[in-house]
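Here is a friendly walk through one protein model. Keep the structure open beside you and look for each part as it comes up.

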Amino acid sequence: MDVFHAIQNKYLDDFKAAMDTDDKNVRDAALLPIMDKIAEEYPDLSAADLDLVSYKMQKFVVRRWLLDEGKRVDGRGINEIRPLAAEVGILPRVHGSGMFTRGQTQVLTTCTLGGTKDNQLMDDLTDEQTKRYIHHYNFPPYSVGEARAPRSPGRREIGHGALAERALLPVIPPVSEFPYALRLVSEVISSNGSTSQGSICGTTLALMDAGVPLKAPVAGISCGLITEGDRWMTMVDIQGVEDFFGDMDFKVGGTKKGITAIQMDLKNDGLTMEIIKNALDITYDARCQILDQIMLPCIAEPRKEVSKYAPKMVIMHINPDNIRDVIGKGGSVIQKIVAESGAKIDIDDDGTIHIASPDAESCAIAKKCIDDIVFVPEVGQLYYGRVVRLMTFGAFVELAPGKDGLVHISKLADHRIEKVEDACKIGDMMWVKVTEIDEKGRVNLSHKDAMKEIKAKEAAGEPIK
């Protein structure tokens with residue numbers, strides 16, 4: 001302890017001069033020659049001892065500056081946010097991308113849209129069976145200037161990814177409005193504190209760039225705390241050294257109207273209500289500043305359409321009793337539809353069908369196939385069908401594949417005809433009106449009534465459907 005006090009008395013001004021910068025790389029480089037001098041002057045100190053001296057000296061400087069002078073390491077005001085920047089669409093091939101920069105912290109997030117079959121299957125102890133919205137967070141070694149092999153996700157990556165995921169979940173549209181699975185990946189490009197909050201902002205940008213109709217944009221900000229006895233002070237948007245040597249990292253994500261996620265790392269014995277209220281107040285002001293001055297000027301609202309590279313989605317609803325007809329024996333029918341259209345098809349038990357494909361034409365082909373299978377003609381409706389069979393008593397007109405009805409010879413024209421062939425032939429297209437569906441499901445049609453109704457609509461200027 002005496003050695004530390006001696007070092008403190010002799011090198012305190014040197015440490016202050018080295019640490020008085022907003023660039024952590026400059027700070028680290030300036031501290032190296034100081035530690036080399038200390039190592040030469042005190043050869044009995046081990047490497048671990050020197051690391052402890054460096055830690056204690058930096059902690060002493062940071063805390064004294066804040067408590068005694070109201071001074072931050074990088075010269076900012078207590079409630080001043082580091083320089084901000086936002087950009088979207090910087091990766092043209094992905095479905096959505098956003099980069100958020102705050103000081104030396106920079107996060108790039110990409111958004112990938114998939115069909116509902118792409119939902120993540122959950123095998124944990126919760127009641128949730130699938131996850132539709134997924135957020136992953138990567139913290140590569142180069143982001144903090146280290147050269148080492150990347151490893152599998154650790155506690156930090158999993159925790160920060162979960163925090164950012166939780167912050168955006170309340171504003172993600174339901175599947176009924178936006179029938180996609182969403183995977184967001186935040187890559188930390190450079191780190192100097194608050195990367196989890198940077199990933200919240202970057203994720204919001206990427207989602208809006210991808211055309212996801214968020215209920216409201218979300219921003220994230222951190223709040224620090226320094227305490228000494230009854231004295232305390234908070235500061236917004238803490239950087240690395242303020243996190244390491246302070247007493248709290250209070251992370252808050254939310255919209256202008258409310259908080260969506262909170263996480264707190266605490267090193268002291270607890271917080272008073274006054275401290276908590278102060279932290280919530282300054283983080284709200286900071287969130288509004290980030291949204292109004294940086295994020296919304298970059299992209300004011302979600303794009304009207306998803307990327308041309310994103311799968312196209314169609315939702316349709318059928319009678320649950322018809323599900324077996326669409327699937328077919330052993331899945332033969334639905335497999336044929338998938339093969340012909342190239343689309344992915346998911347069917348829910350309530351009759352909701354999600355059709356996904358890289359292009360809209362494939363979705364349309366699959367939807368028409370399903371519409372044809374579940375087609376049920378309605379009495380009084382007009383249909384445009386093909387004549388498929390002629391009988392002496394009338395013509396059969398196909399309303400949909402495998403679904404036809406009979407136009408009796410007396411209903412083929414508004415005048416008497418001797419033979420069916422006098423009014424039509426196989427392959428002709430004609431308008432027909434459903435006049436009756438008997439107890440056996442047989443459909444009776446009328447071309448005469450259909451043309452009468454069409455002429456009346458044309459005279460009234462009404463569209464013919």
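## The largest pocket

In this predicted model, the largest pocket has 28 residues in its lining. Start by finding Arg156, Ser191, Gly240, Asp243 and Phe244, the lining residues that lie nearest the centre of this pocket. The space inside comes to about 750 Å³.

Several elements give two or more residues to this lining: helix H2 (24–41), helix H3 (47–69), helix H4 (155–168), H5, helix H6 (240–245), strand S10 (248–254) and strand S11 (259–266). Which of these gives the most to the lining of the largest pocket? The answer is H6, with five residues. Sorted by class, the lining of the largest pocket holds six nonpolar, 13 polar and nine charged residues.

## The second largest pocket

Next, turn to the second largest pocket, with a volume of about 250 Å³. It is lined by 14 residues, and His135, His136, Glu157, Ile158 and Ala162 are the closest to its centre. Two or more residues come from each of strand S6 (133–138) and H4. You have met H4 before, among the elements of the lining of the largest pocket.

How do the residues divide by class in the lining of the second largest pocket? There are six nonpolar, five polar and three charged residues.

## How H4 meets H5

Now for the helices themselves. Two packed helices can be described with two values, the angle between their axes and the distance between those axes. For H4 and H5, the angle is about 45 degrees and the axes are 9 Å apart. H4 and H5 are therefore oblique to each other, and their crossing is right-handed.

On the H4 side, the contact is made by Arg156, His160, Leu163, Ala164, Ala167 and Leu168. H5 brings Thr195, Ser196, Gln197, Ser199, Ile200, Thr203, Thr204 and Leu207. You may recognise Arg156, one of the residues nearest the centre of the largest pocket. The residues of this contact of H4 with H5 comprise six nonpolar, seven polar and one charged.

## How H5 meets H7

Helix H5 (residues 195–209) also has a partner in helix H7 (residues 273–298): their axes come within 11 Å and cross at roughly 40 degrees. That makes H5 and H7 oblique to each other, and H5 passes H7 in a right-handed crossing.

From H5, the contact uses Cys201, Thr204, Leu205 and Met208, and from H7 it uses Ile290, Met295 and Leu296. Thr204 is worth a second look, as it takes part in the contact of H4 with H5 and in the contact of H5 with H7. By class, the contact of H5 with H7 has six nonpolar residues, one polar and no charged.

## How H1 meets H2

Finally, go to helix H1 (residues 2–19), which packs with H2 at an angle of about 160 degrees, the axes being 9 Å apart. Are H1 and H2 roughly parallel or roughly antiparallel to each other? An angle over 145 degrees counts as roughly antiparallel, so H1 and H2 are roughly antiparallel to each other. H1 passes H2 in a right-handed crossing.

The H1 residues in this contact are Ile7, Lys10, Tyr11, Asp14, Phe15, Ala18 and Met19. Their partners on H2 are Arg27, Ala30, Leu31, Ile34, Met35, Lys37, Ile38 and Glu41. The contact of H1 with H2 has ten nonpolar, no polar and five charged residues.

Notes. Residues are numbered from 1 along each chain as its sequence is written. This is a predicted model: local features need pLDDT of at least 70, side-chain atom pairs count only at pLDDT 80 or more; totals for chains, interfaces and linings use all residues. Side-chain values use heavy atoms; hydrogens and water are left out. Axes are lines fitted to C-alpha atoms, for helices over the stretch in contact, and angles run from 0 to 180 degrees between N-to-C directions. Helices (H or I, at least four residues) and strands (E, at least two) are DSSP runs, numbered from the N terminus. Angles under 35 degrees count as roughly parallel, over 145 as roughly antiparallel, 65 to 115 as roughly perpendicular and the rest as oblique. A crossing is left-handed if the near helix is turned anticlockwise from the far one by less than a right angle, and right-handed if clockwise. Contact means heavy atoms within 4.5 Å. Ala, Val, Leu, Ile, Met, Phe, Trp, Tyr, Cys and Pro count as nonpolar, Asp, Glu, Lys and Arg as charged, and the others, Gly among them, as polar. On a 1 Å grid over the protein atoms alone, a cavity is a set of points where a 1.4 Å probe fits but cannot get out, and a pocket is an open set with protein on both sides within 12 Å along at least five of seven lines; lining residues have an atom within 4 Å of a point. Grid points are joined across faces, edges and corners, and a volume is the space filled by probe spheres set on the points.
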